[in-house]
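Please open the structure in a viewer and keep the selection panel at hand. The tour below proceeds by selections, each followed by a note on what is found there.

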Amino acid sequence: MGRRSSLLSQFNLDDTTAWLAVVVGMILMLALFRLKDNPRTPNANRTHLQPGPGQVPGKLTSIKGWKVLLCLDSVRDFSNGRLFKFAADQIPFMQKLAKDCNLHLVALVNNDEEEAAVKRAVEDASLEIAPHKVLCCDTIIGKQAVARQLAPSVYIETNEDVVNYIAQHLPHVGFITESVPGIGILPNTIVTSCPAKYVDKLLGKDKKAEAEAAAEKEVPTAQ
């Protein structure tokens, strides 16, 4: 006890101050532990970013002027093997997106040659996009980091792991896939087979088209 008192007096501390320092230290350690986030294993129970008023998927009127990040695998023609080329039927959609929105592109590449091929494909497609908006990375974690840093209003992606992670942080995510997605898809994520269909669903155009088709069937034909 005498030794403890001498240590406290040496640092000009009394019992109350010492215990307060211990409690504060424990609180800080607990806070750091709870804030630790591993992007490889997203927690399905985390509160993701909710769309604001007027931004509910399927009820939007326009995304004109919005920052959009498009994963290039969603518009790529894979029939050419390693040669990077856009699917011909996707180019008009990309041109319109580049004209109407603040479009950024992201591609997963393995080397400098593949990156150069991506940039040539963008030029060949006559996309009016500044070079710094064509982003390439070599890992899935890199794509996640790009999306977090850009913080687009809309992100269109083909990788389910990236979708599940990034949907916790962005308001609108399109998951482009031909297969049935796994569990954990968040409400702000729309699953469809191509980017153009995703934008139609985001704006509710698919439901409008279905309603118009149903109305036409109900109209009696002239005798």
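**Pockets and sheet**

Begin with the lining of the largest pocket, which by class comprises 7 nonpolar, 2 polar and 5 charged residues. The model is a predicted one. In total, 14 residues line this largest pocket, and its volume is about 250 Å³. Select Lys-96, Asp-100, Val-199, Leu-203 and Lys-205, the lining residues that lie nearest the centre of the largest pocket. Next, colour α3 (91-100) and α7 (195-202), each of which supplies at least two residues of that lining. The largest share, 4 residues, comes from α3.

Move now to the second largest pocket, which holds about 170 Å³ of space. To display its lining, select Arg-76, Arg-82, Phe-84, Ala-107, Leu-108, Val-109, Asn-110, Glu-114 and Val-118. These lining residues divide into 5 nonpolar, 1 polar and 3 charged. Both β2 (102-108) and α4 (112-124) supply at least two residues each to the lining of the second largest pocket.

From β2, extend the selection to the whole sheet. The sheet is open and has 6 strands in the order β3-β2-β1-β4-β5-β6, with parallel pairing. At its edges stand β3 (134-137) and β6 (189-192); each has a single partner strand, so one side of each is left without a neighbour in the sheet. From one strand to the next, the twist averages 20°.

Then isolate β1 (residues 67-71) together with β2: the two run parallel and are joined by 5 bridges. Within this pair, select Cys-71, whose bridge partner in β2 is Val-106.

Finally, restore α4, which lies across β2 and β3 and runs at about 160° to β3.

Definitions and conventions. Residues numbered from 1 in each chain as written. Predicted model: local features only at pLDDT ≥ 70, side-chain atom pairs only at ≥ 80, totals over all residues. Heavy atoms only, no water. 1 Å grid on protein atoms, 1.4 Å probe; cavity = no way out; pocket = protein on both sides within 12 Å on 5 of 7 lines; lining within 4 Å. Points joined across faces, edges and corners; volume = space filled by probe spheres on them. Nonpolar A, V, L, I, M, F, W, Y, C, P; charged D, E, K, R; others polar. Pairing = 2+ DSSP bridges. Axes fitted to C-alpha atoms, helices over the stretch in contact; angles between N-to-C directions. Contact = heavy atoms within 4.5 Å.
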